[in-house]
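Please work through the exercises below with the sequence and the model side by side. Each task is followed by a solution that goes step by step.

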Amino acid sequence: AEESYEAALAIWREAGDRRRAALQLCNLVLLLAPLPERRARAKVLGEACLAESRALAFPTGIAAALTGLGIIAEGEGDLGTAARCHEESAE
């Protein structure tokens, strides 16, 4: 799945479709966030997805990025940040 999401991300970026590229970032974040060995990459992607989704005023992307970042924070034992991310994603 990761390879497919990466390929789709490259296609949407090349096509200049920022919204669909943001969706692929979200997919990658949600795929990688639960995996301890991939958590650092997921965090970088999650922050990029959140920034891009906010710039686009794209609520679906914002919610997905925050969910992924919340999962990452939970895995790191940062329950305060996890709670804030999950609460904000539900808004």
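**Exercise 1.** In this predicted model, find the helix in which leucine 30 lies, decide whether leucine 30 is buried, partly exposed or exposed, and state which residues leucine 30 is in contact with once its neighbours within four places in sequence are left aside.

*Solution.* Begin with the place in the chain: leucine 30 lies in helix 2, which covers residues 18-32. Next comes accessibility, where buried means under 20% and exposed means over 50%; because the relative accessibility of leucine 30 is 34%, leucine 30 counts as partly exposed. Finally, turn to the contacts: leaving aside neighbours within four places in sequence, leucine 30 touches Ala64, Thr67 and Gly68. As for glycine 68, its C-alpha atom is separated from that of leucine 30 by 5.1 Å, although the two residues are 38 residues apart along the chain.

**Exercise 2.** Determine how helix 1 and helix 2 are oriented relative to each other, and list the residues through which they meet.

*Solution.* The axes of helix 1 (residues 2-15) and helix 2 come within 8 Å and cross at roughly 160°. Angles over 145 degrees count as roughly antiparallel, and therefore helix 1 and helix 2 are roughly antiparallel to each other. The crossing in which helix 1 passes helix 2 is left-handed. On the side of helix 1, the residues in contact are Glu2, Tyr5, Glu6, Ala8, Leu9, Trp12 and Arg13, and they meet Arg20, Ala21, Gln24, Leu25, Asn27, Leu28, Leu31 and Leu32 in helix 2. Sorted by class, the residues of this contact are nine nonpolar, two polar and four charged.

**Exercise 3.** Decide whether glutamate 3 is buried or exposed, and give its C-alpha distance to asparagine 27.

*Solution.* Glutamate 3 is found in helix 1, and with a relative accessible area of 71% glutamate 3 is exposed. Between the C-alpha atoms of glutamate 3 and asparagine 27 there are 11 Å in space, while in sequence the two are 24 residues apart.

**Exercise 4.** Repeat the analysis of orientation for helix 3 and helix 4, and then describe alanine 57 in the loop between them.

*Solution.* Helix 3 (residues 39-55) and helix 4 pack with their axes 8 Å apart, at an angle of about 155°, and they are therefore roughly antiparallel to each other. Their crossing is left-handed. In helix 3 the contact is made by Arg39, Ala42, Lys43, Gly46, Glu47, Cys49, Leu50, Ser53 and Arg54, which meet Gly61, Ile62, Ala65, Leu66, Leu69, Ile72 and Gly75 in helix 4. By class, this contact has eight nonpolar, four polar and four charged residues.

The loop between helix 3 and helix 4 holds alanine 57, whose phi is near 55°, a positive value in a residue other than glycine. Most residues other than glycine have a negative phi. Because its relative accessibility is 56%, alanine 57 counts as exposed.

**Exercise 5.** Identify which residues of helix 5 are buried, and establish how they are arranged around the axis.

*Solution.* The buried residues of helix 5 (residues 79-89) are Ala82, Cys85 and Ser89. They cover an arc of only 70° around the axis, which means that they are on the same side of helix 5. An α-helix has 3.6 residues a turn, so residues three or four places apart point the same way. The buried residues of helix 5 pack against helix 4 (59-75), whereas the face of helix 5 turned away from its buried side carries the exposed residues Leu79, Arg84 and Glu87.

Terms used:
Residues numbered from 1 in each chain as written. Predicted model: local features only at pLDDT ≥ 70, side-chain atom pairs only at ≥ 80, totals over all residues. Heavy atoms only, no water. Axes fitted to C-alpha atoms, helices over the stretch in contact; angles between N-to-C directions. Helix = DSSP H or I, 4+ residues; strand = E, 2+ residues; numbered from the N terminus. Parallel < 35°, antiparallel > 145°, perpendicular 65-115°, else oblique. Left-handed = near helix turned anticlockwise from the far one by under 90°. Contact = heavy atoms within 4.5 Å. Nonpolar A, V, L, I, M, F, W, Y, C, P; charged D, E, K, R; others polar. Buried < 20%, exposed > 50% of the residue type's maximum accessible area, 1.4 Å probe, protein only. Arc of directions from axis to C-beta.
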